[in-house]
There are 2 protein chains.
Amino acid sequence: MSQPTGACPHAWRHQQQHRGRMWATSRAFRRQLVLLRSLLPSPPTPPPYSFPSVAGRFFAPSCSSPSSTPSGSIRASHAMAGSAVYEADAEAVVRRITPPLDRSRHKGQAGKIAVIGGCREYTGAPYFAAISALKVGADLSHVFCTKDAATVIKSYSPELIVHPILEESYSVRDDERASVSSKILTEVAKWLERFDCIVVGPGLGRDSFLLDCVSNIMKHARQANIPTVVDGDGLFLITNNLGLVEGNPFAILTPNVYEYKRLVQKVLNCDVNEETAAEQLTLLCQKIGGVTIMRKGKADVISDGKTVTQVSTFGSPRRCGGQGDILSGSVAVFTSWARHFIMSNEEPKEKSFVLMQCRVNPMTLGCIAGSLLLRKAASLAFEKSKRSTVTTDIIEFLGKSLEDICPAEH
Amino acid sequence: MSQPTGACPHAWRHQQQHRGRMWATSRAFRRQLVLLRSLLPSPPTPPPYSFPSVAGRFFAPSCSSPSSTPSGSIRASHAMAGSAVYEADAEAVVRRITPPLDRSRHKGQAGKIAVIGGCREYTGAPYFAAISALKVGADLSHVFCTKDAATVIKSYSPELIVHPILEESYSVRDDERASVSSKILTEVAKWLERFDCIVVGPGLGRDSFLLDCVSNIMKHARQANIPTVVDGDGLFLITNNLGLVEGNPFAILTPNVYEYKRLVQKVLNCDVNEETAAEQLTLLCQKIGGVTIMRKGKADVISDGKTVTQVSTFGSPRRCGGQGDILSGSVAVFTSWARHFIMSNEEPKEKSFVLMQCRVNPMTLGCIAGSLLLRKAASLAFEKSKRSTVTTDIIEFLGKSLEDICPAEH
């Protein structure tokens, strides 16, 4: 991916529009349309390339779209290139990617998730992420954390498998660092390939030795093509070491307003510009190279550098800490399901992951579904507990929220 | 028991059929019929040797039975040799073996169970097994685990008695191993004979020193004729050291699909063959020598090398981790109850355990009852919590499930 010389210049925008036109006439775009159509409950027969009328089942133009675009490949491709934001039909996404509950399935087939996080200081965040994964419907949820954190996280719930593997600087002598770091990687690597998705960051803290170890784990996960949701202190880590996610189509970043600001400053060397927010987000994804970013806020805006979609269903006015952790755990499960859904609904010859960027992006679908579910659950929890709503209350409504959208009858 | 020269050969099958015919005319078979009859709520007077019409109260031919067998000792004995699978009348089994609640009883008389498991990594599994034993109706439930695990397991529930006795390699110096191992056995042995049944394996992990210590505990339990349910990492242990269960009629193995596959490969030196599944399971029990195996799956199929029965009541499509632990704890309680029921309903001269293999096998009854109860509880939990059902939700329904089958009024 060639880099623009400055942040958001006009030249870059024109170049992007040209690329958008190229994209709209490409085989990859056609394939994406076919796949979008395959996701629809009852396939319509839209005119070719009329992006909104097809993708509109998932992505309806939102208020922040610069103009309504009834049809036309150029406007559509322009939208694909990042200047229009489509409101996702998030309920349809949830319904389509959530796997049916099949009596013949074995333990693990509905998803195995791991959270890398939890240190001497933080234990709630990794617990929230990991238990949310189970409550959304994963079969197994692991946490890899420090010894200090492990006892506490285990005691929150017997449902989680908690590995007291990580170490912080205070517990490791300087001359032991290399060997301890290598041992940690070996221990985690034994498990990594079993997971459908990992979440890096909840309650990770900022200890330099711990972050070095987690960098190694992220590199290993990337080599194994394991989707990786990066949140919280994981975003601090990758903002200072972009190489960890650069060019990784399996990486999902979920920054909040502050984390997004730091990311934009670091990567685009400018401040967040709300007037060109969608373009800036697209550009950010492209400059990091193929990652998916969900910018959390009043609406959660999601881009993979090609499409920009948002989920703006109202959740709750309570802003208690921990909701981001629910989101990261939920996105991990939905991303696994979306990958499985897409893999099992396409031609065998297209199963290679190198085509990922030419297809409907399961990372985007995972973000859309996770965002909606959190918002629904937060809304129900607020209705019940009002100002005293805490994260645990919201987690208790994940099941009902999913059931309301996508009943588990089988 | 003579060993077949290869896995599942025709010669072996014919030999088994011959043995089946011998068995059908034997005193032992007659004794088994008498005992099956004694388990019936209102004893009928069936024609002698018509196995299905008698055992049909507990074991109705299932869909996987090769053919319906209205009567006839040969078909029946053939079934006994393993080629037909009878659906257990599991509700009748639960009703008959569950002891009445008698005001004159003392603490401990409804069952004392111990779980050997729980290490630095796993704490949920032994907790699930031990708390399930209590929720089914045992009076006392102990856990023997490592020091690291003990604090956490204690924190899950004040109901359990948790012994921080086991050690893992990392906490024992090489020169201390023999003395630590001996001390551990002495500590556990003090308690062992008080238990009606032990469960070996939930959350045991795979540390070599720990597994060596647990091998010693298993040998001791065997000498004391204590029924032993082997699950999870306990199955890993015995698959690599079959001597621990060989020829032990008090051993119950509860493998899932992967554990069963490894066991078949190790013992029969072949792959799992679904077409001859019942015969293969029978053969596996026979080759290990007298153990009872419950092969978990869509239906739980149970054999002690003579009969093959199954429980296929539908439970839940959720496959969250931990359900196997509920099952192992429940089977432990029901096996204790079944043993007590049989011992108190037969002629005094038959009370010797050496006749165990000639009688209705309490291990089989324990498996049938445990399987049904888990399935009922999982079904109720799923009805309530749908996709967000976790193991704790299922445990909460063990009591209601048992009450529905077998009300505690007295």
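This report describes how two chains of a predicted model are placed against each other and how some of their helices pack.

**The two copies and their axis**

Two copies of a chain can be related by a rotation about an axis together with a shift along it. Here chain A is superposed on chain B by a rotation of 89° with 0.1 Å of shift along the axis, and the fit has an RMSD of 0.1 Å. The two copies are thus related as by a four-fold rotation axis. Among the residues of chain A, the one that comes closest to this axis is A:Ser155, whose C-alpha lies at 4.7 Å. The copies use different surfaces, since 3% of the contact residues of chain A recur in chain B.

**The contact between the chains**

Chain A brings 37 residues to the contact, while chain B brings 26 residues. Between chain A and chain B an area of about 2800 Å² is buried, and carbon and sulfur atoms give 58% of it. On the side of chain A, the residues that lose the most area to chain B are A:Arg103, A:Pro158 and A:Glu159, which together make up 23% of what that side buries.

One pair of helices spans the two chains: helix α7 (residues 147-156) of chain A packs with helix α7 (residues 147-156) of chain B, at an angle of about 30° and with their axes 9 Å apart. That makes α7(A) roughly parallel to α7(B), and their crossing is right-handed. In this pair, A:Thr151, A:Lys154 and A:Ser155 of α7(A) meet B:Val152, B:Ser155 and B:Tyr156 of α7(B). Sorted by class, this contact of α7(A) with α7(B) has 2 nonpolar, 3 polar and 1 charged residues. A:Ser155 thus appears both in the helix contact and as the residue of chain A that comes closest to the rotation axis.

**Helix pairs within chain B**

Packed helices are described by the angle between their axes and by the distance between those axes. Within chain B, helix α5 (residues 90-97) packs with helix α13 (residues 323-343) at an angle of about 70°, with their axes 9 Å apart. α5(B) and α13(B) are therefore roughly perpendicular to each other, and α5(B) passes α13(B) in a left-handed crossing. The residues that make the contact are B:Val94, B:Arg96 and B:Ile97 on α5(B), and B:Phe334, B:Trp337, B:Ala338 and B:Phe341 on α13(B).

A further pair in chain B is formed by helix α8 (residues 177-192) and helix α9 (residues 208-223), whose axes come within 10 Å and cross at roughly 40°. That makes α8(B) oblique to α9(B), and the crossing in which α8(B) passes α9(B) is right-handed. From α8(B), residues including B:Val180, B:Ile184, B:Leu185 and B:Val188 meet residues of α9(B) that include B:Phe209, B:Cys213, B:Ile217 and B:His220.

The table sets out the classes of the contact residues for these helix pairs.

| Helix pair | Nonpolar | Polar | Charged |
|---|---|---|---|
| α5(B) with α13(B) | 6 residues | no residues | 1 residue |
| α8(B) with α9(B) | 10 residues | 3 residues | 1 residue |
| α7(A) with α7(B) | 2 residues | 3 residues | 1 residue |

Conventions:
Residues numbered from 1 in each chain as written. Chains lettered and ligands numbered in written order. Predicted model: local features only at pLDDT ≥ 70, side-chain atom pairs only at ≥ 80, totals over all residues. Heavy atoms only, no water. Least-squares fit on C-alpha atoms with pLDDT ≥ 70 in both. Contact = heavy atoms within 4.5 Å. Axes fitted to C-alpha atoms, helices over the stretch in contact; angles between N-to-C directions. Helix = DSSP H or I, 4+ residues; strand = E, 2+ residues; numbered from the N terminus. Parallel < 35°, antiparallel > 145°, perpendicular 65-115°, else oblique. Left-handed = near helix turned anticlockwise from the far one by under 90°. Nonpolar A, V, L, I, M, F, W, Y, C, P; charged D, E, K, R; others polar. Buried area = accessible area lost by both parts, 1.4 Å probe.
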